[in-house]
Amino acid sequence: MDAISHSSAAQREGPAVAELFFGFFKLGLIGFGGVLPLARRMVVEDRKWLTGEEFTELLGLCQFLPGGNIINMAVAIGSKFQGVTGAFSALLGLIVAPTAIVIGLGVIYDQFNSDPRIQHMFAGLAAAAAGLLISMAVKIVLPLRRRPVTLVIAVICFAAIAIAGLPLLPTMLVLAPLSILATWKLET
């Protein structure tokens with residue numbers, strides 16, 4: 001067996017189904033305001049299931065797919081390491097606790113939503129969530145600095161959506177093929 005097939009076999013074994021469940025379960029419990037920054041830390045920095053570059057590339061794919069990015073990431077990571085069983089395990093781990101918590105808090109919020117203190121609390125939580133998102137964006141861009149073509153595409157995408165206000169889907173439908181083609185032509 002050569003080094004490539006051996007490393008990919010070892011990588012395929014990766015985390016066990018239970019590790020995927022409990023890793024994503026923990027994310028679901030602590031990920032208030034956004035799980036993606038915490039997911040990157042867990043997957044890349046703590047558990048080393050993926051490299052920073054692999055995470056960024058997988059996130060790019062997951063953002064292009066319909067559905068929530070973190071849900072797509074859980075399914076993709078689970079599938080990568082343990083196939084369909086891993087995908088279901090990671091997904092279930094991610095959503096079971098937050099679903100129960102949201103239902104419980106929703107019932108409580110219905111009782112107290114007119115209280116100004118509750119309204120101020122949610123405004124403060126929104127600011128913290130924005131900070132998490134900015135932190136995540138910086139960490140995702142860092143691996144791209146060695147790949148100028150992808151960095152340029154990222155800047156164009158940001159400008160088109162955030163500044164020009166173009167819709168996400170048409171922007172991605174134009175930029176994704178251009179990015180793939182440019183990366184393929186210039187980096188091969």
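Is Thr-171 buried or exposed? In this predicted model, Thr-171 is buried, with a relative accessible area of 6%. The views below begin with the whole chain and return to this residue in the fourth figure.

**Figure 1. Overview of the predicted chain, built from eight helices and zero strands.**
Read along the sequence, the helices give the pattern α-α-α-α-α-α-α-α. The C-alpha trace spans about 60 × 45 × 25 Å along its principal axes. Of the 188 residues, 31% count as buried. Among contacts between residues at least 6 apart in sequence, 59% join residues at least 24 apart. The chain is divided into domain 1 (15–114) and domain 2 (144–187).

**Figure 2. Confidence along the chain, with helices H1 and H2 in view.**
The average pLDDT of the chain is 85, and 90% of the residues score at least 70. Confidence is lowest in helix H1 (residues 3–13), where the mean is 42. It is highest in helix H2 (residues 17–30), at 94. Over residues 1–12 the pLDDT stays under 50, and for this stretch the model has nine contacts beyond four places in sequence.

**Figure 3. The largest pocket, with a volume of about 1300 Å³.**
The pocket is lined by 35 residues, and those closest to its centre are Gly-60, Gln-63, Ala-154, Cys-157 and Met-172. Two or more lining residues come from each of helix H4 (52–64), helix H6 (116–141), helix H7 (148–163) and helix H8 (168–187). H7 gives the most to the lining, with nine residues. By residue class, the lining divides into 25 nonpolar, eight polar and two charged. Domain 1 (15–114) and domain 2 (144–187) each supply at least three of the lining residues.

**Figure 4. Surroundings of Thr-171 in helix H8.**
Which residues does Thr-171 touch, not counting residues up to four places away in sequence? They are Cys-157, Ala-160, Ile-161 and Leu-166. One of them, Cys-157, is also among the residues closest to the centre of the largest pocket. Thr-171 counts as buried because its relative accessible area is 6%, below the 20% cut-off for that class.

**Figure 5. Helix H3 (residues 36–46), largely enclosed by the rest of the structure.**
Why is H3 described as largely enclosed? Eight of its eleven residues are buried, so the rest of the structure largely encloses the helix. The buried residues are Leu-36, Pro-37, Leu-38, Ala-39, Arg-40, Met-42, Val-43 and Val-44. These buried residues pack against H2, H4, H5 and H6.

**Figure 6. Arg-40, a buried residue of helix H3.**
The relative accessible area of Arg-40 is 8%, and the residue is therefore classed as buried, the limit being under 20%. Leaving out residues up to four places away in sequence, Arg-40 touches Glu-45, Gly-52, Phe-55, Met-136 and Lys-139. A second position that can be shown with it is Ile-153, which is 113 residues apart from Arg-40 in sequence and 22 Å apart in space, C-alpha to C-alpha.

**Figure 7. Lys-48 in the loop between H3 and H4.**
Lys-48 follows H3 and has a positive phi, near 55 degrees. That positive value occurs in a residue other than glycine. Is Lys-48 buried or exposed? Lys-48 is exposed, with a relative accessible area of 61%.

**Figure 8. Ala-87 in helix H5 (residues 69–112).**
Ala-87 is buried, with a relative accessible area of 11%. Leaving aside neighbours within four places in sequence, its contacts are Val-75, Gly-78 and Ser-79. Between the C-alpha atoms of Ala-87 and Cys-157 the separation is 29 Å, and the two residues are 70 residues apart along the chain.

**Figure 9. Domain 1 (15–114) and domain 2 (144–187) seen together.**
How far apart do the C-alpha centres of domain 1 and domain 2 lie? The centres are 25 Å apart. Across the two domains, four residues of domain 1 are in contact with six residues of domain 2. Both domains contribute at least three residues to the lining of the largest pocket.

How values were computed
Residues numbered from 1 in each chain as written. Predicted model: local features only at pLDDT ≥ 70, side-chain atom pairs only at ≥ 80, totals over all residues. Heavy atoms only, no water. pLDDT = per-residue confidence, 0-100. Helix = DSSP H or I, 4+ residues; strand = E, 2+ residues; numbered from the N terminus. Contact = heavy atoms within 4.5 Å. 1 Å grid on protein atoms, 1.4 Å probe; cavity = no way out; pocket = protein on both sides within 12 Å on 5 of 7 lines; lining within 4 Å. Points joined across faces, edges and corners; volume = space filled by probe spheres on them. Nonpolar A, V, L, I, M, F, W, Y, C, P; charged D, E, K, R; others polar. Domains from an automatic or database assignment. Buried < 20%, exposed > 50% of the residue type's maximum accessible area, 1.4 Å probe, protein only.
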